[in-house]
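Trainee: Got a minute to walk me through a structure? I'd like to begin with the cysteines.

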Amino acid sequence: MHFDLADDLQAKFKTILQQGVFSGGKEHDLLQANMQAYLGLAYCMPCANGSDALEIALRALKIGPGDEVIVPAITCVASAEAVCLVGAKPVFCDCDEHGLMDLTVLPSLISPETKVIMPVHLYGMMVDMDRLMEIAASRQLWVVEDAAQSFGSVFQGKAAGSIGDIGCYSFYPTKNLGALGEAGMLATNNPELAEEIGQIINHGQRNKDEHVSVGRNSRMDSLQAGFLNVKLDYFPAWQAKRKELAKTYLLHLQHIDGLLVPNHILGTHHNAHLFVIRTNFRDELKLFLELNDIGTAIHYPLSLPEIPPYGAFGPLRKNAELLCKTILSLPLHPYLSEQEVQFISMKIAEFFKNRSANVRD
Ligand SMILES: *Cc1c(COP(=O)(O)O)cnc(C)c1O
């Protein structure tokens, strides 16, 4: 991976080494400006990772013990972890067929303790933010978007993470825009929240040695900021490549009986982060692909209420639980070739053909 931009990354490393600034500095400020322009947001604040971003967002909104935050039942543990870390209670919302927070269920989960709705744009597909913002406004709730998987997705002209009160991003290496290590970011249009977030990230400092609150250190390395600045230039081309590959998958897989494909993946509200198919024969298919040297993954094998530390927070959510038994993420990244995608598709078709032949015997 990254051989095409190795020279650019090495040049950036050399520059930063010569400058001798490894926290904050020019690269940090440049990333901020680049992100603000790219996302169309007033304030973008780099931080150490996406999990920190979520926790800092909740702290900035003064969420704590006694408060409830509505989180979808299928997501990375980091979403619910952040809620627990500030002392609040995650309330799990069941998912629709895409694995997104089911907005028809959402209103029934709102209690007097509810303070925040945390939609997760899972696999890169955005939640219907019009509807969600309507629900939030009618109940005067904050919205923290977990946009960790959806950098590059756009819903009705607005970038993922730019619609709610605060957007949280992750630049973990496997995300669509990944650093060469850990990195994350918070974004908002609200100047008071931006001030609060900036302080929490950097020890509660307003200005140097002026500590106005108890914060923490969640600053981003200058090196990571520098690498992200380099990679941002390549991002549009990578996105185009992901969409092309997704299109090939769709072409070959959409008419197979017993297999559901992510039909929305070519839309702008989807950044083609993951190509997640669904089948009742998930485990057999996964094994079959493995035997053909095709690695797949499951995002995620269990819904959060099924995981011990989070099970205590509420009942199981039916759709989420069922979905987790049938989902499979196929390889999808910009360094995959068209031929590889065709080969994987062919193997999947072969699997289903053999299965139906066996059923007839
Ligand atoms: C990756 C991810 C996170 C956490 O981001 P890190 O940078 O790994 O801490 C949070 N939420 C979701 C949905 C993610 O996919």
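Trainee: So how many disulfides are there in the whole structure?

Mentor: A search of the whole structure finds zero disulfides. Keep in mind that this is a predicted model.

Trainee: What about cysteine 47, how far off is the nearest cysteine sulfur?

Mentor: The nearest one belongs to cysteine 168, and it is 7.7 Å away, with cysteine 47 in no disulfide. A disulfide needs sulfur atoms within 2.5 Å, so the sulfurs of cysteine 168 and cysteine 47 are too far apart for a bond.

Trainee: Are those two buried or exposed?

Mentor: Cysteine 47 is buried, at 0% relative accessible area. Cysteine 168 counts as buried too, at 1%.

Trainee: Okay, strands next. How well covered is strand 9?

Mentor: Strand 9 spans residues 184-188, and five of its five residues are buried. Both faces are covered: Gly184, Leu186 and Thr188 sit on one side, with Met185 and Ala187 on the other.

Trainee: Which way does strand 1 run relative to strand 9?

Mentor: Antiparallel, with five bridges joining strand 1 (residues 43-47) to strand 9. Cysteine 44 stands opposite alanine 187 there.

Trainee: And how many bridges join strand 8 to strand 9?

Mentor: Four, and strand 8 (residues 166-170) also runs antiparallel to strand 9. In that pairing, glycine 167 stands opposite alanine 187.

Trainee: In what sense do strand 2 and strand 3 pair, parallel or antiparallel?

Mentor: Parallel, over five bridges, with strand 2 covering residues 68-72. One facing pair is isoleucine 70 and valine 91, the latter in strand 3. Together with helix 4 (residues 77-85), strand 2 and strand 3 make a right-handed β-α-β unit.

Trainee: Why is strand 3 described as largely enclosed?

Mentor: Four of the five residues of strand 3 (residues 89-93) are buried, so the rest of the structure largely encloses this strand.

Trainee: What follows strand 3, and where does leucine 100 fit in?

Mentor: Leucine 100 lies in the loop between strand 3 and strand 4 (114-117). Although it is in a loop, leucine 100 counts as buried, at 3% relative accessibility. Its C-alpha atom is 21 Å from that of alanine 187, and 87 residues separate the two along the chain.

Trainee: Changing topic: how many salt bridges does the structure hold?

Mentor: It holds 11 salt bridges. One of them joins the side chains of arginine 216 and aspartate 52, at 2.9 Å from N to O. Arginine 216 is in the loop between strand 11 (210-211) and helix 7 (222-253), while aspartate 52 is in helix 3 (residues 50-60), so the pair ties together parts that are 164 residues apart in sequence.

Trainee: Is aspartate 52 buried or exposed?

Mentor: Aspartate 52 is buried, with a relative accessible area of 11%.

Trainee: Which salt bridges sit within a helix?

Mentor: Among them is the one between arginine 131 and glutamate 134, with the closest N and O atoms 2.9 Å apart. Both residues lie in helix 5 (residues 129-138), three residues apart, about one turn of the helix. Arginine 131 is partly exposed, at 35%. Another joins lysine 347 and glutamate 350, at 3.3 Å from N to O. Those two both lie in helix 11 (residues 338-360), again three residues apart. Lysine 347 counts as buried at 12%, whereas glutamate 350 is partly exposed at 30%.

Trainee: And which residues do shared partners join into one network?

Mentor: Asp52, Glu55 and Arg216 are joined into one network by salt bridges that share partners.

Trainee: Any odd backbone spots? Which peptide bond is cis?

Mentor: The bond from histidine 299 to tyrosine 300 is cis, with omega near 15°. Tyrosine 300 is in the loop between helix 8 (282-291) and helix 9 (308-311). Glutamine 156 is worth a look as well, since this non-glycine residue has a positive phi near 45°. Glutamine 156 lies in the loop between strand 6 (154-155) and strand 7 (158-159) and counts as exposed, at 59% relative accessibility. Histidine 203 is not a glycine either, and has a positive phi of about 55°.

Trainee: Last one: which residues make the nonpolar surface patch?

Mentor: Phe13, Leu17 and Phe22 make a patch of about 290 Å². Phenylalanine 13 lies in helix 1 (residues 6-19) and is partly exposed, at 38%.

Definitions and conventions:
Residues are numbered from 1 along each chain as its sequence is written. This is a predicted model: local features need pLDDT of at least 70, side-chain atom pairs count only at pLDDT 80 or more; totals for chains, interfaces and linings use all residues. Side-chain values use heavy atoms; hydrogens and water are left out. Buried means under 20% relative accessible area, exposed over 50%, partly exposed in between (1.4 Å probe, protein chains only). Two strands pair if DSSP finds at least two bridges between them. A crossover is right-handed if, with the strands pointing away from the viewer, the path from the first strand over the helix to the second runs clockwise. Patches are made of residues with over 30% relative accessible area and no salt bridge: like charges are joined within 9 Å, nonpolar side chains (Val, Leu, Ile, Met, Phe, Trp, Tyr) within 5 Å. Accessible areas come from the Shrake-Rupley method with a 1.4 Å probe; for residues, only the protein chains shown count as cover. A salt bridge is a side-chain nitrogen of Lys or Arg within 4 Å of a carboxyl oxygen of Asp or Glu.
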